Amino acid sequence: MKVLVVGAGGREHALAWAIARSPRRPQVFVAPGNPGVESFATRVPIAAPDIGALLEFARRDGMALTVIGPEAPLVAGIADRFAAEGLAIFGPSGEAARLEGSKAFAKEIMAAA
């Protein structure tokens, strides 16, 4: 099984490390990743905001699952695009991600509730 983790920070490092430790022994790819992941994952030179390139990589290389760390691609709708293509992805829709990505929007929702 192949799993793609998107992002380059500490959150994504921890996600990739935990996934790599699964008893299923998945092949883990991190885009773009950081040098610290190289002992347990393969880095892919695709920036997190480049949704088109990430989608193409996931489709072409047969990723069973994509896990998104940073909020920017989530707010930009990466989960929606992957789902529309029939690819498994872990992350909220673009609309739901607005709660984290926009303080003004989150405050509007809280005020309405």
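Select helix α5 (residues 94-101) and helix α6 (residues 103-112), which pack with their axes 6 Å apart at an angle of about 100°; helices here are DSSP runs of H or I with at least four residues, strands are runs of E with at least two, and both are numbered from the N terminus. The axes are lines fitted to C-alpha atoms, for helices over the stretch in contact, and the angles run from 0 to 180 degrees between N-to-C directions. The two helices α5 and α6 are therefore roughly perpendicular to each other, the class that covers 65 to 115 degrees, whereas angles under 35 count as roughly parallel, over 145 as roughly antiparallel and the rest as oblique. Showing side chains at this junction brings up Glu-95, Arg-98, Leu-99 and Gly-101 of α5, which meet Lys-103, Phe-105, Ala-106 and Ile-109 of α6, contact being taken as heavy atoms within 4.5 Å.

The model is a predicted one, in which local features need pLDDT of at least 70 and side-chain atom pairs count only at pLDDT 80 or more, while totals for chains, interfaces and linings use all residues. Residues are numbered from 1 along each chain as its sequence is written, and side-chain values use heavy atoms, with hydrogens and water left out.

Stay on α5 and select Glu-95 with Arg-98, which form a salt bridge whose closest N and O atoms are 3.1 Å apart; the term requires a side-chain nitrogen of Lys or Arg within 4 Å of a carboxyl oxygen of Asp or Glu. Being 3 residues apart in α5, Glu-95 and Arg-98 are separated by about one helical turn. Glu-95 is partly exposed, at a relative accessible area of 49%, and Arg-98 is also partly exposed, at 32%, where buried means under 20% relative accessible area, exposed over 50% and partly exposed in between (1.4 Å probe, protein chains only).

Next, select Glu-85 and Arg-59, whose side chains meet in a salt bridge at 3.5 Å, N to O. Glu-85 lies in the loop between α4 and β5 and Arg-59 in helix α2, so this pair ties together parts that are 26 residues apart in sequence. Glu-85 is partly exposed at 45% relative accessibility, as is Arg-59 at 42%.

Move to Arg-60 and Asp-61, where another salt bridge has a distance of 2.9 Å, N to O. Here Arg-60 is exposed, at 56%, while Asp-61 is partly exposed, at 24%. A search of the whole structure finds 5 salt bridges.

Now turn to the interior and select Leu-4, Leu-54, Phe-57, Ile-78 and Phe-82, the residues with the most contacts inside the largest nonpolar core, which has 21 residues; such a core is a set of buried Ala, Val, Leu, Ile, Met, Phe, Trp, Tyr and Cys residues joined through side-chain atoms within 4.5 Å. At least two residues of this core come from each of β1, β2 (27-32), α2 (51-60) and α4 (78-84), and the largest share, 5 residues, is supplied by α2. Centring on Leu-4 shows residues that it touches, including Phe-29, Leu-54, Phe-57 and Val-67. Apart from this core lies another, of 10 residues, among them Val-3, Ile-19, Ala-20 and Val-37.

Finally, select strands β1 (residues 2-7) and β4 (residues 65-68), which run parallel and are joined by 4 bridges; strands pair if DSSP finds at least two bridges between them. Val-5 stands opposite Val-67 in β4, and Val-67 in turn stands opposite Phe-90 in β5. Strands β4 and β5 (residues 89-90) also run parallel, joined by 2 bridges.

Terms used:
Lists of a residue's contacts leave out its neighbours within four places in sequence.
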